[in-house]
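Colleague: I've got the model open and I want to poke at the labels. Can you walk me through what each one rests on?

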Amino acid sequence: MTHQYAVEIVLTRPATVRELHQARHRVTFAANADRTRLMTVQRGKSPGRALHRLRHRLDTVLPIDVLTTHYPDRQGHVLLNAALSRRADAQIREEAAALGQRAGDVLAERITAYLAHEQRQRRHRLESQIQRLLTHHTLEEVLACAAGRLLQVRLPR
């Protein structure tokens, strides 16, 4: 039985109008404003087959970086389909062989470590920016402004 899977397509660069036009002849999708991310629905017997089928249909038309399932599965995982360069693939396979692991597991560990590192960096940048704000504004002003922004309400002047 085939199912439909929501898929996010991340491009290596903004797609040209011509590329998007050609891709629309193969797949129906929605593009974001800067044409670097697309969303579509793809049929498949599994999420992996859906991603594989979509990459096969669009790889020659769009500069695809990564395909991901948009919604997590029952285990809370999002499936990732990345086309690696030959060099990167060889490095991951060599590392996996040296560790006695599967290449997919080594890649998953690397991606997880990178995402954790990126999250720490984002948190550090946010804390630094808040600290700079607090040198010029009171904590109450910063909180009131943030709350107003979150609630999309303009603060009285």
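Colleague: What makes V106 buried rather than exposed?

Modeller: Buried means under 20% relative accessible area, exposed means over 50%, and partly exposed is what lies in between, with a 1.4 Å probe and protein chains only. V106 has a relative accessible area of 0%, so it is buried. Its place is in helix α4, and V106 and I92 sit 6.7 Å apart, C-alpha to C-alpha, though 14 residues apart in sequence. Keep in mind that this is a predicted model: local features need pLDDT of at least 70, side-chain atom pairs count only at pLDDT 80 or more, and totals for chains, interfaces and linings use all residues. Residues are numbered from 1 along each chain as its sequence is written, and side-chain values use heavy atoms, with hydrogens and water left out.

Colleague: And L67, why is that one called buried?

Modeller: L67 comes out at 0% relative accessible area, so it is buried. This leucine is in strand β4, residues 64-69. L67 and L80 are 5.9 Å apart, C-alpha to C-alpha, and 13 residues apart in sequence. Helices (H or I, at least four residues) and strands (E, at least two) are DSSP runs, numbered from the N terminus.

Colleague: How do you know that R37 and E8 form a salt bridge?

Modeller: The rule asks for a side-chain nitrogen of Lys or Arg within 4 Å of a carboxyl oxygen of Asp or Glu. For R37 and E8 the closest N and O atoms are 2.2 Å apart, so the pair qualifies as a salt bridge. The pair ties together distant parts of the chain, R37 in strand β3 and E8 in strand β1 (residues 3-11), 29 residues apart. R37 has 41% relative accessibility, so it counts as partly exposed, while E8, at 12%, is buried.

Colleague: How many salt bridges does that rule give?

Modeller: The count is eight salt bridges. One of them joins D89 and R93, with closest N and O atoms 3.0 Å apart. D89 and R93 are four residues apart in helix α3, so about one helical turn separates them. D89 is partly exposed, because its relative accessibility is 28%.

Colleague: What makes E118 and R125 a salt bridge, at 3.9 Å?

Modeller: Their closest N and O atoms are 3.9 Å apart, and the limit is within 4 Å, so the pair is counted. E118 is partly exposed at 25%, and R125 is partly exposed at 40%.

Colleague: What about α3, how do you know its length fits a helix?

Modeller: The expected span is 1.5 Å times one less than the number of residues. Helix α3 (residues 86-99) has 14 residues and reaches 20 Å from first C-alpha to last, close to the 20 Å expected. G100 follows α3, with a positive phi near 70°.

Colleague: What makes R35 worth a second look?

Modeller: Most residues other than glycine have a negative phi. R35 is a residue other than glycine, and its phi is positive, near 60°. R35 is placed in the loop between β2 (29-31) and β3, and counts as partly exposed because its relative accessibility is 32%.

Colleague: Why is there a positive patch around R43, and which residues are in it?

Modeller: Patches take residues with over 30% relative accessible area and no salt bridge, joining like charges within 9 Å and nonpolar side chains (Val, Leu, Ile, Met, Phe, Trp, Tyr) within 5 Å. R26, R43, K45, R49, R53 and R57 gather in a surface patch of positive charge. R43 is in strand β3 (residues 37-44) and has a relative accessible area of 47%, so it is partly exposed and clears the patch cut-off of over 30%. Helix α2 (residues 47-58) supplies the largest share, three residues.

Colleague: And what makes up the nonpolar patch?

Modeller: L126, I130, L134, L139 and L143 form it, with about 420 Å² of accessible area together. Both α4 (103-136) and α5 (139-150) supply at least two residues, and α4 gives the most, three.

Colleague: Why is L143 called exposed?

Modeller: L143 has 53% relative accessibility, and exposed means over 50%, so it counts as exposed. This leucine lies in helix α5.

Terms used
Areas by Shrake-Rupley, 256 points an atom, 1.4 Å probe, with all protein chains shown as cover. Lys, Arg positive; Asp, Glu negative; His and termini not counted. Charge placed at Lys NZ, Arg CZ, Asp CG, Glu CD.
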